[in-house]
Amino acid sequence: MSNFSTRMRVEAARSLAFGSIAAGYTAVGTPFTHPISIVYFFNSTNESVGISFDGSVDHGPLAAGSFLLLDVTTNKANQIGLFIENGTQIYTKQLSGAPTSGSVYVSSFYAQSSQ
């Protein structure tokens, strides 16, 4: 019988308060420190925001009060599958106007093997 298992680990949540969300892209927290399997974006602001994985290209909108869950390694093992590269920085910006409340949150999850 093997002791091999893969555990889900969580990086510290990242956030950017409404007053710091500008017309141009602003970093949300720090870059990922692990290859990310699952990332959860939540926009608790009262305005739509843009999301970018590089700070220059628009990768998608996130409506006010909505979330986006990306499970990029569904049904894959720790070493096999699609991952968001460690060191990736997430950015956000205003789309329709300046938010006056809330924050943008990013939660990230990665796989860790243990034997």
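Colleague: In which strand is the place of S52?

Modeller: The model discussed here is a predicted one. Within this model, S52 has its place in strand β5.

Colleague: Does S52 count as buried or exposed, and why?

Modeller: A residue counts as buried when its relative accessible area is under 20%. The relative accessibility of S52 is 0%, and therefore S52 counts as buried.

Colleague: Which backbone oxygen does the side chain of S52 reach?

Modeller: S52 touches Y25, V57, H59, Q89, I90 and Y91, leaving aside residues up to four places away in sequence. For one of these residues, V57, a distance is available: the side chain of S52 comes to 2.7 Å from a backbone oxygen. That oxygen belongs to V57.

Colleague: Which residue of β5 points the other way from V49 and I51, together with S52?

Modeller: V49 and I51 point one way from β5, and all the residues concerned are buried. The residue that joins S52 in pointing the other way is G50.

Colleague: Which residue in β8 stands opposite I51?

Modeller: β5 pairs with β6 (residues 60-62) in the antiparallel sense over three bridges, and there G50 stands opposite P61. β5 also pairs with β8 (residues 91-94), again in the antiparallel sense, over four bridges. In β8, the residue opposite I51 is T92.

Colleague: Which element gives the largest share of the largest nonpolar core?

Modeller: This core has 15 residues, and F32, I36, V39, F41, I90 and V106 touch the most other members. Two or more residues come from each of β4 (38-43), β5 (49-52) and β9 (103-114). The largest share, three residues, is given by β9.

How values were computed:
Residues are numbered from 1 along each chain as its sequence is written. This is a predicted model: local features need pLDDT of at least 70, side-chain atom pairs count only at pLDDT 80 or more; totals for chains, interfaces and linings use all residues. Side-chain values use heavy atoms; hydrogens and water are left out. A nonpolar core is a set of buried Ala, Val, Leu, Ile, Met, Phe, Trp, Tyr and Cys residues joined through side-chain atoms within 4.5 Å. Buried means under 20% relative accessible area, exposed over 50%, partly exposed in between (1.4 Å probe, protein chains only). Two strands pair if DSSP finds at least two bridges between them. A polar contact is a pair of N or O atoms within 3.5 Å; within protein, one must be able to donate a hydrogen and the other to accept it, and residues adjacent in sequence count only if both atoms are side-chain atoms. Contact means heavy atoms within 4.5 Å.
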